[in-house]
Amino acid sequence: MTSPKYKLLWKGVESGPYSASDIQRMLKFGEIGVFHKIKADGMPDYVLLKDFDFSTKTYVASKNKNVSIFMEYVAYVIAGMSFLSLLFLGIGVVGGITMWLLGYKPIACRCILLSMVIGSFGFIFFEKIYPTLVQ
């Protein structure tokens, strides 16, 4: 019985075939990354290496992908609202801390950073610019 062969795709260039142990070794030593695409013998199309299960030779969708996308939208809405009031800025920071504690660390960082930047612009606008416009 022959071991399954895999092909890799990076920036439109196909390489391989490789064995599973070759790919895992290259990944371990940083020769390839999780955003390389992989295709096993018999697969119709390439999938991201991070979403590939070598034991079943199939694509494994991220279980938390929909939750992660929802959390990202929540972060952007909170950050956008922080322009209107310092209250929303506080909500953005607390929301970011909550996301951090729930394990959504990259989204939490963006939420806090965006809330602070957009909230600062809102504060400057309503304290400095808006009063001169209504006079």
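Before we look at the hairpin, one definition: helices (H or I, at least four residues) and strands (E, at least two) are runs assigned by DSSP and numbered from the N terminus, and two strands pair if DSSP finds at least two bridges between them. What we have here is a predicted model, in which local features need pLDDT of at least 70 and side-chain atom pairs count only at pLDDT 80 or more, while totals for chains, interfaces and linings use all residues. Residues are numbered from 1 along each chain as its sequence is written, and side-chain values use heavy atoms, with hydrogens and water left out.

Let me start with the chain as a whole. Its secondary structure comes to four helices and six strands, and along the sequence these follow the pattern β-β-α-β-β-β-β-α-α-α. Of the 135 residues, 24% count as buried, where buried means under 20% relative accessible area, exposed means over 50%, and partly exposed lies in between, with a 1.4 Å probe and protein chains only. The chain exposes about 9,300 Å², and carbon and sulfur atoms supply 66% of that area, the areas coming from the Shrake-Rupley method with a 1.4 Å probe, and only the protein chains shown counting as cover for residues. If contact means heavy atoms within 4.5 Å, then among contacts between residues at least 6 apart in sequence, 44% join residues at least 24 apart.

Now to the sheet. Four strands form an open sheet in the order E2-E1-E3-E4, with antiparallel pairing. Strand E2, residues 13-18, and strand E4, residues 47-48, each have a single partner strand and stand at the edges, so one side of each is left without a neighbour in the sheet. Strand E1, residues 6-10, is joined to E2 by four bridges, and the two run antiparallel; here Trp-10 stands opposite Val-13 in E2. E1 is also joined by four bridges to strand E3, residues 37-40, again antiparallel, and Tyr-6 stands opposite Ala-40 in E3.

What is the sign of phi at Lys-11, in the hairpin of E1 and E2? The hairpin has two residues between the strands, and Lys-11 takes a positive phi near 55 degrees, although Lys-11 is not a glycine. Most residues other than glycine have a negative phi, and most peptide bonds are trans. Lys-11 has a relative accessibility of 73%, and therefore counts as exposed.

Further along E2 we come to Pro-17, and the peptide bond leading to it from Gly-16 is cis, with omega near 15 degrees. Just beyond, in the loop between E2 and helix H1 (20-28), is Ser-19, which counts as buried because its relative accessibility is 12%. Apart from neighbours within four places in sequence, Ser-19 is in contact with Pro-4 and Tyr-6.

Let me turn to helix H3, residues 86-101. The expected span of a helix is 1.5 Å times one less than its number of residues, so the 16 residues of H3 should span 22 Å, and the end C-alpha atoms are 23 Å apart, which agrees. Which residues of H3 are buried? They are Leu-89, Gly-92, Gly-95, Gly-96 and Met-99. Seen down the helix axis, these buried residues fall within an arc of 125 degrees, so they line one face of H3, the arc being that of the directions from the helix axis to the C-beta atoms. On the face turned away from that buried side we find the exposed residues Leu-86, Leu-87, Val-94 and Leu-101. At the N-terminal end, Ser-85 caps H3, with a side-chain oxygen 2.9 Å from the backbone nitrogen of Leu-87, and after the helix comes Gly-103, with a positive phi near 100 degrees.

Finally, helix H4, residues 105-134, holds Pro-131, and Leu-114 lies in H4 as well. Leu-114 counts as partly exposed because its relative accessibility is 30%. Where does the chain bring Leu-114 in relation to Ser-82, 32 residues apart along the chain? Their C-alpha atoms are separated by 8.7 Å, and, not counting residues up to four places away in sequence, Leu-114 touches Tyr-76, Ala-79, Ser-82 and Gly-119. Pro-131, at 28% relative accessibility, also counts as partly exposed, and, leaving aside neighbours within four places in sequence, Pro-131 is in contact with Phe-125 and Phe-126.

Technical notes:
A polar contact is a pair of N or O atoms within 3.5 Å; within protein, one must be able to donate a hydrogen and the other to accept it, and residues adjacent in sequence count only if both atoms are side-chain atoms.
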